[in-house]
Amino acid sequence: MRSLIDITDFSVDELWDLLHTACDISENPDKYAQKCSGKKLATLFFEPSTRTRLSFEAAMLELGGNVIGFSEASSSSAAKGESIADTAKIISCYADIMAMRHPKEGAPYVASLNATVPVINAGDGGHCHPTQTLADLLTIYRENGRLDNLTIGCCGDLKYGRTVHSLLAAMSRYSGIKVLLISPKELRLPGYIKHDVLEKYNMEYLETESLEDAIGSLDILYMTRIQQERFDSRDEYERLKDSYVLTTEKMRSAKDTMRVLHPLPRVNEISVKVDDDPRAAYFRQALNGKYMRMALILKLLENKEPSKKTNDEILVDENLLCDNPRCITSVEQELEHKFKVTDAAKGLCRCIYCETKKVFQI
Ligand code: NCD
């Protein structure tokens, strides 16, 4: 049984298979209309969502399956204090597959360790969002005709924007990718992604605060919303919320072949006037998300192989605790704190749930 927690859980070949299946679904929907008949998807959304939840539900319905679930934590037993592990065990009794969105980083991973059916990470805190990346990859493939040799500008909240984190992890596996990281200083991409993704895979990247300077060189402009709900300080959000607004004037400096992507919802960062520009691909991207989620559900339900085991060295030490307040370990006291050793010589490791860096005594 396989789950999708991080986009790198799938190989490049598996991603190609998903892209091709999604294209075939969009061209021949009737062929797939009964593929999941008798199967149930549970959507467990502990955080707000429009596109992700409803596209998952539409995906399962268009495959002939059924959907159960909840769309807010207050209507589940989480409100009574039920753990993620117990929730995952219970849902495994009622559904064949589950998609979970949670404000705490690592929650879907904990679910996958306890479920007996596939678990899909539908977004965990500011950490990652692999199924949005599936939508992004199909959009880039359809709009730009390739997944390699692209200059991608990621603009906005690169600190908390989980969609950017997963997109960069996916793009690290294609050749000739250049990345422009366009953000205010306060919202720069977390160090662990710069080191473990961009630098590890020798991706060319540049950090800048200016969208105007960057836009002319881009094949893809990936706009993101400033993630209000993840800020500790309301004042800081107010100060940064309008850092970038993509307007028709700014679009004049962009290439004719550039495409604008956005996971949506947009707040203020793309003027509605840009919607009429044929280079604005974000609504097509939302539709692509449904096709990719259909392909994903099919793949996970058909796949009976066990999850791939990693060779990571795992460290458990009662004195070593994850201190990220957004980590699932911050609320689930029973959960054992565990760390993946990333550099034994320097004594560096990362929380297996949220990837926060820690230093241990060698
Ligand atoms: C994104 C998310 O939830 O991270 N939305 C989505 O799933 N399409 C982006 C966002 O909320 O800004």
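Ile314 stands opposite Lys340 in strand 11. Strand 10 and strand 11 (residues 339-343) pair in the antiparallel sense over two bridges. Strands here are DSSP runs of E of at least two residues, and helices are runs of H or I of at least four, both numbered from the N terminus. Two strands pair if DSSP finds at least two bridges between them.

Colleagues, before I continue, please note that this is a predicted model, in which local features need pLDDT of at least 70 and side-chain atom pairs count only at pLDDT 80 or more, while totals for chains, interfaces and linings use all residues. Residues are numbered from 1 along each chain as its sequence is written.

The pair I began with belongs to an open sheet of four strands in the order 10-11-12-13, with antiparallel pairing. Strand 10 (314-315) and strand 13 (357-359) stand at the edges, each with a single partner strand, so one side of each is left without a neighbour in the sheet.

I turn to another sheet. This open sheet of four strands has the order 2-1-3-4, with parallel pairing. Its edge strands, strand 2 (66-70) and strand 4 (119-124), each pair on one side only. On average, neighbouring strands of this sheet are turned by 15° against each other, direction ignored. Strand 3 (residues 97-102) pairs with strand 4 in the parallel sense over four bridges, and Ala99 stands opposite Ile120 in strand 4.

Helix 4 (residues 84-94) lies across strand 1 (40-45), strand 2, strand 3 and strand 4, and runs at about 155° to strand 1. For such angles, axes are lines fitted to C-alpha atoms, for helices over the stretch in contact, and the angles run from 0 to 180 degrees between N-to-C directions. Contact requires C-beta atoms, placed from the backbone, to lie within 7 Å.

Next, the domains. The protein chain is divided into domain 1 (7-129 + 287-302), domain 2 (130-286) and domain 3 (314-359), with bounds from an automatic or database domain assignment. The centres of domain 2 and domain 3, taken over C-alpha atoms, are separated by 29 Å.

Where does the ligand lie with respect to domain 1 and domain 2? Both domains give residues to the shell around the ligand, so it lies between them. Among the residues around the ligand are Arg51, Thr52, Arg162 and Thr163. Helix 3 (51-62) and helix 7 (162-171) are the elements that give two or more residues to this shell.

Methods: Near = placed C-beta within 6 Å. Contact = placed C-beta atoms within 7 Å.
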